[in-house]
Amino acid sequence: MGRPRLVVFSGAGVSAESGLKTFRDADGLWEEYRIEDVATPDAWRRDPAKVLHFYDLRRAQVLAAQPNAAHRAIAGLERWFHVDVVTQNIDDLHERAGSSRVLHLHGEILLARSTADASVVVPINGPTLRLGDRCPLGSQLRPHIVWFGEQVPMMDRAAELVQQADILVVVGTSLQVYPAASLVHHLSRKADMHLVDPQDPPADMGRATHWKQKAVEGVPALADHLMRISGTPPRGAS
Ligand code: OAD
């Protein structure tokens, strides 16, 4: 028998203690900026320089940030479980902490993509993406981000992972943004769900065990609990 399958579904709260702002908390990014000015296809058509600047600031902060105890605890779970991370975050802190399977539902800040062909994706060297930066096909590059009003191409794959999970850990997301938030409804009835968030969850999350803590405290505590009940020896143990 293989290892139990564990899916971590993360949002901005997991990176908050790394110094990256969340979106909807009191001092969140959507207090400072209007979504329709910086995170929609219309905003890009109207004022691409403004959109690029918004994501340049995000990229500079991600490059300066370090993974925290929550990212590390999630990576550590791979010794006991088959772990897939499905994140709404555009930072690379799960990867830098050592998680080996990370699916980014809303894109990745360190990548750019062609405005002529969405399948052409290239790394951004350094903090800035400029007007005039072109893809190999010759068209303007845009941030590799899923904007409001756009399809979420990885959604089907993410739903499949949640369906197959024995345990779902939801951490640091307000579950306000769809379709991402609907992922929790793909979990099978016999699977366990845990939620780590200092705020109370939406009413329909009643079946989850709520660890009402910041991610840096709640995720290591939950990881300890899951390792103890896993019933399997850690990978690498003799
Ligand atoms: P939100 O800002 O909506 O929610 C952040 C969640 O993290 C809230 O539930 C907070 O209570 C929780 N939180 C705050 N500090 C925390 C901490 N230290 N530890 C743990 N949890 C903490 O962020 P998301 O749910 O990730 O999409 O937002 C979803 C999407 O909306 C984002 O991916 C982004 C945004 O608009 C796009 O830009 C497409």
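Let's start with a pair of strands: β1 and β7 run parallel and are joined by 5 bridges. One spot where you can see this is V8, which stands opposite V169 in β7. Keep in mind as you look around that this is a predicted model.

Stay with β1 for a moment. This strand spans residues 5-10, and besides β7 it has another parallel partner, β2 (residues 82-87), with 6 bridges between them. Here R5 is the residue to find, since it stands opposite H82 in β2. Is β1 mostly covered or mostly open? It is mostly covered, with 5 of its 6 residues buried.

Now go back to β7 and move on from there. Strand β7 covers residues 167-171, and it pairs with β8 in the parallel sense over 5 bridges. V171 is a handy marker, as it stands opposite V196 in β8. From β8 you can step on to β9 (residues 209-211), which runs parallel to β8 and is joined to it by 3 bridges. V196 turns up again at this step, because bridge partners are what we are following: V196 stands opposite W211 in β9. So how enclosed is β8? Of its 5 residues (192-196), 4 are buried, so the rest of the structure largely encloses this strand.

It helps to remember one thing while looking at any of these strands. In a regular strand, side chains alternate between the two faces of the sheet.

Elsewhere, there is a pairing of the other kind. Strand β4 (residues 107-114) and β6 pair in the antiparallel sense, over 5 bridges. To find this pairing on screen, look for E108, whose bridge partner in β6 is H144. Strand β6 itself runs over residues 141-145 and is mostly covered, with 5 of its 5 residues buried.

With those strands in place, the loops are worth a visit. The loop between β7 and β8 holds L175, and P179 has its place in that loop too. What is unusual in the backbone at L175? Its phi is positive, about 55°, although L175 is not a glycine. L175 has a relative accessibility of 8%, so it counts as buried, the limit being under 20%. A little further along, the peptide bond from Y178 to P179 is cis, with omega near 10°.

P179 also leads us to another loop. V152 is found between β6 and α7 (155-163), and P179 is among its contacts, along with L105 and V146, leaving aside neighbours within four places in sequence. V152 has 13% relative accessibility, so it counts as buried. Where does V152 sit relative to G138? The two are 14 residues apart in sequence, and their C-alpha atoms are 25 Å apart in space.

For a contrasting case, try L131, in the loop between β5 (121-123) and β6. L131 and L52 are 79 residues apart in sequence, with 8.1 Å between their C-alpha atoms. L52 is one of the residues that L131 touches, and the others are P48, A49 and Q140, not counting residues up to four places away in sequence.

One helix residue rounds out the close-up views. R72 lies in helix α5 (residues 69-76). Its relative accessible area is 49%, so R72 is partly exposed. Leaving aside neighbours within four places in sequence, R72 is in contact with P67 and A97. Our marker V196 comes back here as well: R72 and V196 are 124 residues apart along the chain, and their C-alpha atoms are separated by 15 Å.

Finally, zoom out. The chain has 8 helices and 9 strands, and its C-alpha atoms fill a box of roughly 55 × 40 × 30 Å along the principal axes. For 238 residues, a compact globule would have a radius of gyration near 18 Å, and the chain agrees with that at 18 Å. Buried residues make up 48% of the chain. Among contacts with a separation of 6 or more, 63% are between residues 24 or more positions apart. On the outside, the accessible surface comes to about 11600 Å², and 51% of that belongs to carbon and sulfur atoms. As for charge, there are 26 positive and 28 negative charges, and their mean positions are 3 Å apart.

Notes
Residues numbered from 1 in each chain as written. Predicted model: local features only at pLDDT ≥ 70, side-chain atom pairs only at ≥ 80, totals over all residues. Heavy atoms only, no water. Helix = DSSP H or I, 4+ residues; strand = E, 2+ residues; numbered from the N terminus. Rg over C-alpha atoms; globule rule 2.2 N^0.38 Å. Buried < 20%, exposed > 50% of the residue type's maximum accessible area, 1.4 Å probe, protein only. Contact = heavy atoms within 4.5 Å. Areas by Shrake-Rupley, 256 points an atom, 1.4 Å probe, with all protein chains shown as cover. Lys, Arg positive; Asp, Glu negative; His and termini not counted. Charge placed at Lys NZ, Arg CZ, Asp CG, Glu CD. Pairing = 2+ DSSP bridges.
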